[in-house]
Amino acid sequence: MKNLLKSGVAAMALVTMASAAAADGKVVVYHWFEYIPQELVDKFTADTGIEVVMDTYDSNEAMLASLKAGGVGTYDVAVPGDYMVKIMASAGMLDTIADGELTNKGNISPTWADPSFDPGRQHSIPYQWGSTSFAVNRDVFAGDINTTDILFNPPAELQGKINVLDSQGEVMAMAALHMGIPQCTTDRDQLKALNAMLLSAKENWVSFNSDTAKEVLVSGDAAAGMIYDGFSAKARAEGANVEYAFPTQGYIAWMDNVVLLKDAPNRENALKFMDFLLVPENAAQLTNWTQYASGVEGVAPLLDEALRTLPEANPQDGAGQAVFIEACDEEVQAVYDTIWTNLKK
Amino acid sequence: MAGGAASGGSAATDTYKEARNWLLLPSWVYLGAFVLVPVIMMLIYSFLTKEFRGGVVWEFSTAAYDQFFFDRGLFGDEPARIEWTYITIFWRSIWQAGAATLLALAIGFPTAYFIATRPEQARPMWVFLITIPYWVNLLIRTVSMKFMLRDSGPLNDFLIGTGLINDPISIINTNFAVQLGLFYSYLPFMVLPIYASVERYNFSLSEAAADLYASKWVTLRRVLLPAVKPGVIAGCILVFVPSMGSFLAPDLLGGAKNFMIGSLIEEQFKGNAGNWPFGAAASMVLLSMVLIVLMIFARQQAKAEKEAS
């Protein structure tokens, strides 16, 4: 009975808190799945009294589709990747952050203050960044892994045991690096060669999985797989003997960004949310959880020691260049779509 | 089954003749709002011009159907040939869904028969047991299936443990895994309609057949099966149709290596392709195919009933 009373009081307290939060309004966030620790969300609500309402998506394209299908005006902020910021901005889906509206804008590290996908950071702030490449199970293959041949022309040990991301952008960009051709090339011979190369490489792939890219490596369903750097670190932490590769041909860089959406119903709160994420302590808390990297200045001393020396964040000498995925124009994209359908038909 | 409903219906019609239209209103509203309007929207979208990266431009275009039926090469400027890509994808889906339906029938029919022949007070318990796993979300069940089937999973561990095999059988990421997944996802849809039919079956007919020297096999084929055919057909349709459009099992259990119709359509909305009219057109083709199959079934059933009466 006493316990019942206690929980009753606790429930009452929760209700009061919730209504207090409601008094200060809310911010509606459209976010990737599992990409923000609950403690950080709670901290924001405790600091500002603003309630965070969150919907999640599992790919940039899925987010774009649902915003196009009527999501604009519902959400305040979203977290698109680099190339998607550019696509959304050119489609007029982003609001402009005027000078002085973000108190902590100065905290953005100089490297990321003026990126090609959002010059002058007019619509976005950095959320997290990292790389996409692939990880190899060292119990299965002990040779040199710092080459894109692992994915597209694999050694015998890895044939038929490779998972690739179920995402056209990443696979095409990686394939272009492997062949040494520009992304979104308009050269017909190069596009034909790209199509042929992918079709023959597929013979050695066991699956196309993005959501379970980490899980298939941990379980042993795949012996090598395309993966985001943080996922690879988590796979290692979960006991998989995997090593993340920085191929000499180059690898993919990505940056997710919090953008202010057009017609945001709670614009003021959205800006507070963005300011909150630019505070070094908060950015550090986020980064320690995601195990990616922050674009906020002054985070470094607050990071876990293990994160600073993380193999997935420290390319070896001789590693290739990290490149962002490019958004192709309509004509090339049509060819890319045909190639992707050929690959999966 | 249909006969009983018809005779009951005519009595009801007399009583409620006046109010009939009003009483039917909820179903008309439901059908209109959730079936007719979405299908018409889909039809309209399939004839619009695509907007780059998702969305539509309100201009008439047959480009989506053109893309579906004609192959114009990698760059879209070669003379049109018949496009086999999407036919292949549709054929694969039909094949996968068909195999899953046969599996479900092979397991579902004996199960339904078993339940229907239990003492009357025990039957609800058996039906209850059949439905319990389906209280769990489909995604969770499909993922569990993945755990079961994988090379290092319990199924292979068990088979190796018994000494039946030495090396794990690779089931995960194959077509068979997809069929198993679909079969498992929709099994109750097969069991329940067949159970409903068998329960109403008059077992003295089987005894009569036996008295007339029919073997058990002949009794099953010539007496029981024709009597419960509506239940079997309903079960097959209920398993086949959702299996055709499924994308969860192909993605999770089949490794998403090959498109099924469901994943092809999903790609048009959630993937890079962002081609809404084409997604709508592919859905329309799928819908038409399902409708044709249903109409063939319906006509055959009507014919069979006419012959019977």
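This is a short dialogue on reading a predicted model.

Q: What kind of model is this, and how are residues and chains labelled?
A: It is a predicted model, where local features need pLDDT of at least 70, side-chain atom pairs count only at pLDDT 80 or more, and totals for chains, interfaces and linings use all residues. Residues are numbered from 1 along each chain as its sequence is written, while chains are lettered from A and ligands numbered from 1 in the order in which they are written.

Q: How many helices and strands has chain B?
A: Helices (H or I, at least four residues) and strands (E, at least two) are DSSP runs, numbered from the N terminus. Chain B has 13 helices and 4 strands. Its C-alpha trace spans about 70 × 70 × 35 Å along the principal axes.

Q: How many residues does each chain give to the contact between chain A and chain B?
A: Two residues are in contact if their C-beta atoms, placed from the backbone, lie within 7 Å. Here chain B gives 26 residues and chain A gives 31. On the chain B side, α4 (85-116) and α12 (261-270) are the elements that give two or more residues. α4(B) gives the most, with 3 residues.

Q: Which classes of residue make up the chain B side?
A: Ala, Val, Leu, Ile, Met, Phe, Trp, Tyr, Cys and Pro count as nonpolar; Asp, Glu, Lys and Arg are charged; the others, Gly among them, are polar. The side of chain B that touches chain A has 9 nonpolar, 12 polar and 5 charged residues.

Q: Is B:Phe128 buried or exposed?
A: Count the other C-beta atoms (placed from the backbone) within 10 Å of the residue's own: 20 or more is buried, 12 or fewer is exposed, and in between is partly exposed. B:Phe128 is exposed because it has 9 other C-beta atoms within 10 Å. B:Phe128 sits in helix α5 (residues 123-131) of chain B. Across the 309 residues of chain B, 30% count as buried.

Q: What are the domains of chain A, and how many residues join them?
A: Domain bounds come from an automatic or database domain assignment. For chain A, the assignment gives domain 1 (2-129 + 254-307) and domain 2 (130-253 + 314-344). Their centres, taken over C-alpha atoms, are 29 Å apart. In the contact, 13 residues of domain 1 meet 15 residues of domain 2. On the domain 1 side, α4 (82-90) and β4 (124-137) of chain A give two or more residues. α4(A) gives the most, with 4 residues.
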